[in-house]
Amino acid sequence: MKRLFVGGISWATNDDLLRETFSRYGSIRDAKVIYDRDSGRSRGFGFVTFDNDEDADQAVENLDGQELDGRRIRVNEAMDRAGGGGGPRY
């Protein structure tokens with residue numbers, strides 16, 4: 001299983017379009033656009049999780065730098081989060 005970061009997506013892009021676009025390269029476990037919790041608007045990126053690592057690699061190779069919904073997207077392997085955001089910890 002491999003998770004991909006998809007950056008530079010249009011505010012109009014939704015989970016279904018991400019899934020449809022990436023499913024051409026293999027079985028998708030999850031496709032999620034990340035939304036701002038206050039405004040409800042897309043933050044311009046999302047994540048796609050493939051069941052098979054080789055399928056994910058094919059998607060990166062074929063979709064990175066391509067146009068989706070009027071925007072040129074960046075696609076690469078997602079990195080694990082190193083701690084949360086949200087301000088200072090006391």
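Good morning. Phe47 touches Arg3, Leu4, Phe5, Leu18, Asp30, Ala31, Lys32, Ile34 and Ala78, leaving out residues up to four places away in sequence. I should state at once that we are looking at a predicted model.

Where does Phe47 lie? Phe47 is found in strand E3, which covers residues 42-50. Is Phe47 buried or exposed? Its relative accessible area is 16%, and because buried means under 20%, Phe47 is counted as buried. One of its contacts, Ala31, deserves a further remark. Phe47 and Ala31 are 16 residues apart along the chain, and their C-alpha atoms are separated by 5.8 Å.

Let us turn to Ser42, which also belongs to strand E3. Ser42 has a relative accessible area of 6% and is therefore buried, the limit being under 20%. Which atom does the side chain of Ser42 reach? That side chain comes to 3.0 Å from the backbone nitrogen of Gly44. If we set aside neighbours within four places in sequence, Ser42 is in contact with Ile9, Ser10, Trp11, Val33, Ile34 and Tyr35. Please note Ile34, which appears among the contacts of Phe47 and among those of Ser42.

My last residue is Gln66, placed in the loop between helix H2, residues 53-63, and strand E4, residues 67-68. How is Gln66 classed? With a relative accessible area of 40%, Gln66 falls between the limits of 20% and 50%, so it is partly exposed. Beyond its neighbours within four places in sequence, Gln66 is in contact with Arg71, Arg72 and Ile73.

To close, Phe47 is buried, Ser42 is buried, and Gln66 is partly exposed. Thank you for your attention.

Key:
Residues are numbered from 1 along each chain as its sequence is written. This is a predicted model: local features need pLDDT of at least 70, side-chain atom pairs count only at pLDDT 80 or more; totals for chains, interfaces and linings use all residues. Side-chain values use heavy atoms; hydrogens and water are left out. Helices (H or I, at least four residues) and strands (E, at least two) are DSSP runs, numbered from the N terminus. Buried means under 20% relative accessible area, exposed over 50%, partly exposed in between (1.4 Å probe, protein chains only). Contact means heavy atoms within 4.5 Å. A polar contact is a pair of N or O atoms within 3.5 Å; within protein, one must be able to donate a hydrogen and the other to accept it, and residues adjacent in sequence count only if both atoms are side-chain atoms.
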